[in-house]
Amino acid sequence: MNNIFSLQFKTRALCAGIDKASFKLNDAGIFYSAASKGTFTLIVCLFAFVSLVAAAAIVLLCLRCKASKETKLHDEQIIHMFKSQGNTDILWGDLKTGKIVSKSGNVLQKKWKITDSEVVGINILEIFKNDLRTIEEKNLVFFEADMKLEPAASLFPCFIRRYTYKTGENTFMAFLFDVTFEKLRENELSRMANTDYLLQLLNRRAMDTNLKEISSNLNDREEKTGKKHYVLMFDLDNFKKVNDNYGHDIGDKVLIAASKCIIKNAGEDGLCSRWGGEEFLAMICAENDEKAVAVAQQILDDFSSTGIHVTERNKIYNTVSCGVARLSSDVPYHKSIANADDAMYKAKLAGKNRVVLFTE
(Lines give C-alpha, C1' and ligand atoms only; values in the text may rest on other atoms or scores of the structure.)
Protein backbone atom coordinates (compact mmCIF):
# COMPACT_ATOMS: atom_id res chain seq x y z
CA MET A 1 0.00 0.00 0.00
CA ASN A 2 1.54 3.34 -1.17
CA ASN A 3 -0.45 5.85 0.87
CA ILE A 4 1.58 8.31 2.98
CA PHE A 5 -0.13 6.98 6.01
CA SER A 6 -1.52 3.51 6.30
CA LEU A 7 -3.71 2.68 9.21
CA GLN A 8 -4.11 -0.92 10.18
CA PHE A 9 -7.09 -1.85 12.34
CA LYS A 10 -7.19 -5.04 14.24
CA THR A 11 -10.53 -5.58 15.84
CA ARG A 12 -12.40 -8.34 17.44
CA ALA A 13 -16.13 -8.07 18.03
CA LEU A 14 -17.52 -8.83 21.48
CA CYS A 15 -21.08 -8.96 22.79
CA ALA A 16 -20.58 -5.77 24.79
CA GLY A 17 -18.35 -3.86 22.35
CA ILE A 18 -14.66 -3.51 21.42
CA ASP A 19 -12.13 -5.80 23.03
CA LYS A 20 -8.93 -4.53 21.46
CA ALA A 21 -7.91 -2.09 18.74
CA SER A 22 -4.47 -1.10 17.50
CA PHE A 23 -3.52 1.90 15.43
CA LYS A 24 -0.27 1.88 13.37
CA LEU A 25 1.36 4.73 11.48
CA ASN A 26 3.65 2.86 9.04
CA ASP A 27 5.76 5.76 7.77
CA ALA A 28 6.51 7.09 11.24
CA GLY A 29 7.06 3.65 12.61
CA ILE A 30 4.93 4.44 15.62
CA PHE A 31 2.44 1.95 17.00
CA TYR A 32 -0.45 2.93 19.33
CA SER A 33 -2.45 0.28 21.15
CA ALA A 34 -5.79 1.22 22.80
CA ALA A 35 -6.71 -0.09 26.22
CA SER A 36 -8.88 -3.03 26.80
CA LYS A 37 -12.62 -2.63 27.36
CA GLY A 38 -12.21 -2.66 31.21
CA THR A 39 -9.69 0.18 31.14
CA PHE A 40 -11.85 2.18 28.79
CA THR A 41 -14.83 1.78 31.12
CA LEU A 42 -12.70 2.87 34.09
CA ILE A 43 -11.69 6.05 32.26
CA VAL A 44 -15.32 6.83 31.50
CA CYS A 45 -16.35 6.23 35.12
CA LEU A 46 -13.48 8.40 36.40
CA PHE A 47 -14.50 11.23 34.10
CA ALA A 48 -18.11 10.91 35.27
CA PHE A 49 -17.02 10.94 38.94
CA VAL A 50 -14.87 14.05 38.47
CA SER A 51 -17.78 15.76 36.74
CA LEU A 52 -20.15 14.82 39.59
CA VAL A 53 -17.72 16.12 42.24
CA ALA A 54 -17.32 19.37 40.34
CA ALA A 55 -21.10 19.77 40.07
CA ALA A 56 -21.54 19.04 43.79
CA ALA A 57 -18.87 21.60 44.66
CA ILE A 58 -20.65 24.23 42.59
CA VAL A 59 -23.97 23.45 44.28
CA LEU A 60 -22.42 23.61 47.77
CA LEU A 61 -20.76 26.89 46.92
CA CYS A 62 -24.08 28.32 45.79
CA LEU A 63 -25.82 27.08 48.94
CA ARG A 64 -23.08 28.55 51.13
CA CYS A 65 -23.39 31.90 49.41
CA LYS A 66 -27.15 31.76 49.87
CA ALA A 67 -26.81 30.77 53.55
CA SER A 68 -24.31 33.57 54.10
CA LYS A 69 -26.70 36.01 52.48
CA GLU A 70 -29.60 34.71 54.59
CA THR A 71 -27.47 34.91 57.77
CA LYS A 72 -26.61 38.52 57.02
CA LEU A 73 -30.25 39.27 56.33
CA HIS A 74 -31.25 37.42 59.51
CA ASP A 75 -28.79 39.46 61.59
CA GLU A 76 -30.07 42.70 60.10
CA GLN A 77 -33.66 41.63 60.79
CA ILE A 78 -32.78 40.82 64.41
CA ILE A 79 -31.14 44.20 64.92
CA HIS A 80 -34.08 45.98 63.37
CA MET A 81 -36.54 43.95 65.46
CA PHE A 82 -34.86 44.79 68.76
CA LYS A 83 -34.32 48.43 67.88
CA SER A 84 -37.99 48.75 66.97
CA GLN A 85 -38.96 47.58 70.46
CA GLY A 86 -37.57 50.76 72.02
CA ASN A 87 -35.50 50.96 75.20
CA THR A 88 -33.02 48.50 73.73
CA ASP A 89 -29.23 48.26 73.88
CA ILE A 90 -27.25 46.21 71.37
CA LEU A 91 -23.66 45.36 72.27
CA TRP A 92 -21.04 43.98 69.92
CA GLY A 93 -17.81 42.46 71.16
CA ASP A 94 -14.93 40.04 70.68
CA LEU A 95 -16.00 36.49 71.47
CA LYS A 96 -12.52 35.40 72.56
CA THR A 97 -11.67 38.28 74.91
CA GLY A 98 -15.17 39.37 75.89
CA LYS A 99 -14.31 42.99 75.18
CA ILE A 100 -17.19 45.23 74.06
CA VAL A 101 -16.24 47.12 70.91
CA SER A 102 -19.49 48.85 69.99
CA LYS A 103 -22.86 49.79 71.49
CA SER A 104 -26.23 51.09 70.37
CA GLY A 105 -29.16 52.15 72.57
CA ASN A 106 -29.80 53.83 75.92
CA VAL A 107 -30.93 51.20 78.45
CA LEU A 108 -27.63 51.03 80.33
CA GLN A 109 -27.45 54.79 80.51
CA LYS A 110 -31.12 55.20 81.42
CA LYS A 111 -31.28 52.49 84.07
CA TRP A 112 -27.74 52.40 85.47
CA LYS A 113 -26.22 55.73 84.37
CA ILE A 114 -23.54 53.94 82.33
CA THR A 115 -22.53 56.02 79.31
CA ASP A 116 -21.47 54.69 75.91
CA SER A 117 -17.85 55.64 76.52
CA GLU A 118 -17.87 53.68 79.78
CA VAL A 119 -19.31 50.60 78.10
CA VAL A 120 -16.96 50.37 75.12
CA GLY A 121 -13.75 48.64 76.15
CA ILE A 122 -15.04 46.81 79.24
CA ASN A 123 -15.47 43.05 79.47
CA ILE A 124 -18.96 41.73 78.85
CA LEU A 125 -18.65 39.69 82.06
CA GLU A 126 -18.86 42.94 84.02
CA ILE A 127 -22.48 43.12 82.87
CA PHE A 128 -23.48 39.48 82.44
CA LYS A 129 -22.84 36.50 84.70
CA ASN A 130 -22.70 33.98 81.88
CA ASP A 131 -19.47 32.46 80.61
CA LEU A 132 -18.84 33.38 76.99
CA ARG A 133 -18.10 29.73 76.26
CA THR A 134 -21.84 29.24 76.46
CA ILE A 135 -22.17 31.41 73.37
CA GLU A 136 -19.72 29.24 71.47
CA GLU A 137 -21.49 26.07 72.57
CA LYS A 138 -24.83 27.50 71.41
CA ASN A 139 -23.74 28.89 68.08
CA LEU A 140 -26.46 30.99 66.42
CA VAL A 141 -28.90 30.20 69.23
CA PHE A 142 -30.33 32.83 71.54
CA PHE A 143 -30.12 32.22 75.26
CA GLU A 144 -31.15 34.34 78.21
CA ALA A 145 -28.26 35.76 80.22
CA ASP A 146 -28.27 36.78 83.87
CA MET A 147 -27.21 40.29 84.76
CA LYS A 148 -24.87 41.45 87.51
CA LEU A 149 -26.17 44.99 87.53
CA GLU A 150 -28.48 46.24 90.26
CA PRO A 151 -31.16 47.24 91.01
CA ALA A 152 -33.84 44.90 89.74
CA ALA A 153 -31.52 43.14 87.33
CA SER A 154 -34.03 40.33 86.96
CA LEU A 155 -36.42 42.73 85.30
CA PHE A 156 -34.06 43.26 82.38
CA PRO A 157 -33.29 39.93 80.72
CA CYS A 158 -30.60 39.85 78.05
CA PHE A 159 -30.13 37.62 75.06
CA ILE A 160 -26.73 36.78 73.58
CA ARG A 161 -25.88 35.09 70.28
CA ARG A 162 -22.84 34.62 68.09
CA TYR A 163 -22.72 37.41 65.53
CA THR A 164 -21.46 36.68 62.01
CA TYR A 165 -22.37 39.70 59.95
CA LYS A 166 -19.73 42.36 59.08
CA THR A 167 -17.45 41.70 62.04
CA GLY A 168 -16.72 38.02 61.44
CA GLU A 169 -17.12 34.68 63.21
CA ASN A 170 -15.39 35.47 66.51
CA THR A 171 -17.89 38.08 67.58
CA PHE A 172 -20.89 38.18 69.88
CA MET A 173 -23.99 40.31 69.79
CA ALA A 174 -25.87 40.94 73.05
CA PHE A 175 -29.32 42.50 73.47
CA LEU A 176 -30.44 44.29 76.59
CA PHE A 177 -33.96 45.64 76.71
CA ASP A 178 -36.31 47.02 79.30
CA VAL A 179 -39.29 44.75 79.86
CA THR A 180 -40.38 46.12 83.22
CA PHE A 181 -43.99 46.48 82.14
CA GLU A 182 -44.10 42.98 80.66
CA LYS A 183 -42.53 41.48 83.78
CA LEU A 184 -44.95 43.28 86.08
CA ARG A 185 -47.86 42.08 83.96
CA GLU A 186 -46.48 38.54 83.96
CA ASN A 187 -46.13 38.61 87.75
CA GLU A 188 -49.65 39.92 88.13
CA LEU A 189 -51.08 37.23 85.85
CA SER A 190 -49.18 34.59 87.84
CA ARG A 191 -50.54 36.01 91.09
CA MET A 192 -54.08 36.01 89.72
CA ALA A 193 -53.72 32.42 88.50
CA ASN A 194 -52.60 31.24 91.94
CA THR A 195 -54.79 33.37 94.21
CA ASP A 196 -58.41 33.20 95.26
CA TYR A 197 -60.04 36.40 94.00
CA LEU A 198 -62.27 37.03 97.02
CA LEU A 199 -60.00 36.06 99.89
CA GLN A 200 -56.56 36.72 98.37
CA LEU A 201 -55.36 33.36 99.67
CA LEU A 202 -53.62 30.69 97.65
CA ASN A 203 -56.07 28.73 95.55
CA ARG A 204 -56.24 24.94 95.60
CA ARG A 205 -53.84 24.43 92.70
CA ALA A 206 -51.20 26.74 94.14
CA MET A 207 -51.51 25.18 97.59
CA ASP A 208 -51.14 21.70 96.15
CA THR A 209 -48.01 22.78 94.26
CA ASN A 210 -46.49 24.30 97.39
CA LEU A 211 -47.21 21.24 99.53
CA LYS A 212 -45.73 18.97 96.88
CA GLU A 213 -42.53 21.00 96.88
CA ILE A 214 -42.36 21.12 100.69
CA SER A 215 -42.87 17.37 100.92
CA SER A 216 -40.05 16.70 98.48
CA ASN A 217 -37.46 17.99 100.98
CA LEU A 218 -39.44 17.73 104.20
CA ASN A 219 -36.72 16.06 106.26
CA ASP A 220 -34.19 18.77 105.41
CA ARG A 221 -36.67 21.51 106.27
CA GLU A 222 -37.57 19.97 109.61
CA GLU A 223 -33.93 19.37 110.48
CA LYS A 224 -33.12 22.98 109.66
CA THR A 225 -36.05 24.56 111.56
CA GLY A 226 -36.39 22.01 114.36
CA LYS A 227 -40.14 21.99 113.78
CA LYS A 228 -42.64 19.56 112.31
CA HIS A 229 -45.10 20.37 109.54
CA TYR A 230 -48.87 20.00 109.86
CA VAL A 231 -51.84 20.48 107.57
CA LEU A 232 -55.05 21.94 109.01
CA MET A 233 -58.40 21.48 107.27
CA PHE A 234 -61.12 23.98 108.24
CA ASP A 235 -64.80 23.92 107.33
CA LEU A 236 -67.25 26.65 108.39
CA ASP A 237 -70.16 25.36 110.47
CA ASN A 238 -73.70 25.92 109.18
CA PHE A 239 -72.44 28.18 106.40
CA LYS A 240 -75.33 27.35 104.08
CA LYS A 241 -77.74 28.84 106.62
CA VAL A 242 -75.74 32.08 106.60
CA ASN A 243 -76.12 32.39 102.83
CA ASP A 244 -79.78 31.39 102.92
CA ASN A 245 -80.73 33.73 105.77
CA TYR A 246 -78.53 36.76 105.09
CA GLY A 247 -77.43 36.50 101.46
CA HIS A 248 -74.13 35.84 99.76
CA ASP A 249 -72.70 39.28 100.54
CA ILE A 250 -72.81 38.46 104.25
CA GLY A 251 -71.53 34.98 103.45
CA ASP A 252 -68.53 36.55 101.71
CA LYS A 253 -67.83 38.67 104.79
CA VAL A 254 -67.86 35.54 106.95
CA LEU A 255 -65.36 33.86 104.60
CA ILE A 256 -63.10 36.92 104.70
CA ALA A 257 -63.22 37.00 108.50
CA ALA A 258 -62.28 33.32 108.69
CA SER A 259 -59.37 33.78 106.26
CA LYS A 260 -57.99 36.65 108.35
CA CYS A 261 -58.06 34.54 111.50
CA ILE A 262 -56.17 31.73 109.76
CA ILE A 263 -53.54 34.06 108.29
CA LYS A 264 -53.04 35.76 111.65
CA ASN A 265 -52.17 32.51 113.42
CA ALA A 266 -50.45 30.49 110.69
CA GLY A 267 -47.06 32.12 111.28
CA GLU A 268 -44.36 33.33 108.91
CA ASP A 269 -43.59 29.80 107.72
CA GLY A 270 -47.25 28.91 107.24
CA LEU A 271 -49.39 28.71 104.12
CA CYS A 272 -53.09 29.44 103.79
CA SER A 273 -55.46 28.55 101.00
CA ARG A 274 -59.09 28.39 100.07
CA TRP A 275 -59.49 24.69 99.37
CA GLY A 276 -63.02 24.94 98.07
CA GLY A 277 -66.33 26.62 98.98
CA GLU A 278 -66.23 27.22 102.72
CA GLU A 279 -63.19 24.94 103.24
CA PHE A 280 -59.71 26.22 104.05
CA LEU A 281 -56.42 24.32 104.09
CA ALA A 282 -53.44 25.65 106.02
CA MET A 283 -49.92 24.41 106.59
CA ILE A 284 -48.15 25.35 109.82
CA CYS A 285 -44.90 24.50 111.58
CA ALA A 286 -44.97 23.44 115.24
CA GLU A 287 -42.69 21.65 117.69
CA ASN A 288 -45.20 18.88 118.40
CA ASP A 289 -48.81 17.72 118.03
CA GLU A 290 -50.02 19.63 121.09
CA LYS A 291 -48.73 22.96 119.81
CA ALA A 292 -50.19 22.33 116.36
CA VAL A 293 -53.59 21.65 117.93
CA ALA A 294 -53.17 24.78 120.07
CA VAL A 295 -52.65 26.92 116.94
CA ALA A 296 -55.79 25.45 115.38
CA GLN A 297 -57.76 26.07 118.57
CA GLN A 298 -56.62 29.70 118.66
CA ILE A 299 -57.95 30.15 115.13
CA LEU A 300 -61.31 28.71 116.20
CA ASP A 301 -61.45 30.99 119.24
CA ASP A 302 -60.58 34.11 117.21
CA PHE A 303 -63.17 33.32 114.57
CA SER A 304 -65.98 32.45 116.96
CA SER A 305 -65.50 35.80 118.70
CA THR A 306 -65.51 37.79 115.46
CA GLY A 307 -68.91 39.32 114.81
CA ILE A 308 -70.11 40.05 111.28
CA HIS A 309 -72.44 43.01 110.86
CA VAL A 310 -75.68 42.11 109.10
CA THR A 311 -77.11 45.54 109.94
CA GLU A 312 -75.63 48.57 111.62
CA ARG A 313 -76.65 47.23 115.04
CA ASN A 314 -76.85 43.49 114.56
CA LYS A 315 -74.00 41.01 114.29
CA ILE A 316 -73.83 37.31 113.67
CA TYR A 317 -71.22 34.93 114.97
CA ASN A 318 -70.12 31.72 113.36
CA THR A 319 -67.90 28.77 114.15
CA VAL A 320 -65.57 26.46 112.29
CA SER A 321 -64.43 22.86 112.68
CA CYS A 322 -60.83 21.75 112.12
CA GLY A 323 -58.88 18.55 111.49
CA VAL A 324 -55.11 18.37 112.01
CA ALA A 325 -52.69 15.87 110.45
CA ARG A 326 -48.92 15.78 110.28
CA LEU A 327 -46.97 15.94 107.06
CA SER A 328 -44.50 13.08 106.94
CA SER A 329 -41.90 11.88 104.48
CA ASP A 330 -43.30 8.38 104.99
CA VAL A 331 -46.77 9.41 103.80
CA PRO A 332 -47.66 11.11 100.48
CA TYR A 333 -48.69 14.71 101.11
CA HIS A 334 -52.11 14.21 99.52
CA LYS A 335 -52.72 11.38 101.99
CA SER A 336 -51.94 13.78 104.85
CA ILE A 337 -54.50 16.19 103.41
CA ALA A 338 -57.06 13.38 103.32
CA ASN A 339 -56.21 12.52 106.93
CA ALA A 340 -56.82 16.12 107.99
CA ASP A 341 -60.11 16.05 106.13
CA ASP A 342 -61.17 12.87 107.92
CA ALA A 343 -60.30 14.43 111.27
CA MET A 344 -62.31 17.53 110.37
CA TYR A 345 -65.43 15.42 109.68
CA LYS A 346 -64.96 13.73 113.04
CA ALA A 347 -64.98 17.20 114.59
CA LYS A 348 -68.26 17.89 112.81
CA LEU A 349 -69.78 14.65 114.08
CA ALA A 350 -68.55 15.38 117.59
CA GLY A 351 -70.55 18.62 117.74
CA LYS A 352 -68.66 21.12 115.54
CA ASN A 353 -66.55 24.10 116.64
CA ARG A 354 -63.68 21.91 117.75
CA VAL A 355 -60.27 20.55 116.71
CA VAL A 356 -59.55 16.85 116.14
CA LEU A 357 -56.04 15.49 115.64
CA PHE A 358 -55.77 12.64 113.16
CA THR A 359 -54.58 9.37 114.67
CA GLU A 360 -54.07 6.01 113.01
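Where is T195 placed with respect to α5 and α6? In this predicted model, T195 sits in the loop that runs between α5 (180–194) and α6 (204–216).

## Surroundings of T195

Although T195 belongs to a loop, T195 counts as buried, because its relative accessibility is 16% and the cut-off for burial is under 20%. Its side chain reaches the backbone oxygen of R191 at 2.6 Å. When residues up to four places away in sequence are left aside, T195 touches Q200, L201 and N203.

## Salt bridges: K103 with D116

Across the whole structure, a search finds nine salt bridges, and three of the pairs are described here, starting with K103 and D116, whose side chains meet with an N to O distance of 2.7 Å. K103 lies in strand β4 (residues 100–104) and D116 in helix α3 (residues 116–119), so this salt bridge ties together parts that are 13 residues apart in sequence.

The two partners can also be described by their accessibility: K103 is buried, with a relative accessible area of 11%, whereas D116 is partly exposed, with a relative accessible area of 37%.

## Salt bridges: E222 with R326

A further salt bridge is formed by E222 and R326, for which the closest N and O atoms are 3.4 Å apart. Because E222 lies in helix α7 (residues 218–225) and R326 in strand β13 (residues 320–326), the pair ties together parts of the chain that are 104 residues apart in sequence.

Here the acidic partner, E222, counts as buried at 14% relative accessibility, while R326, at 36% relative accessibility, counts as partly exposed.

## Salt bridges: K348 with D235

The side chains of K348 and D235 meet in a salt bridge as well, with an N to O distance of 2.8 Å. This pair links distant parts of the chain, since K348 is found in helix α11 (residues 333–349) and D235 in strand β8 (residues 228–236), with their positions 113 residues apart in sequence.

Are K348 and D235 buried or exposed? K348 is buried, with a relative accessible area of 18%, and D235 likewise counts as buried, at 11% relative accessibility. The pair does not stand alone, for salt bridges that share partners join D235, D237 and K348 into one network.

How values were computed: Residues are numbered from 1 along each chain as its sequence is written. This is a predicted model: local features need pLDDT of at least 70, side-chain atom pairs count only at pLDDT 80 or more; totals for chains, interfaces and linings use all residues. Side-chain values use heavy atoms; hydrogens and water are left out. Helices (H or I, at least four residues) and strands (E, at least two) are DSSP runs, numbered from the N terminus. Buried means under 20% relative accessible area, exposed over 50%, partly exposed in between (1.4 Å probe, protein chains only). A polar contact is a pair of N or O atoms within 3.5 Å; within protein, one must be able to donate a hydrogen and the other to accept it, and residues adjacent in sequence count only if both atoms are side-chain atoms. Contact means heavy atoms within 4.5 Å. A salt bridge is a side-chain nitrogen of Lys or Arg within 4 Å of a carboxyl oxygen of Asp or Glu.
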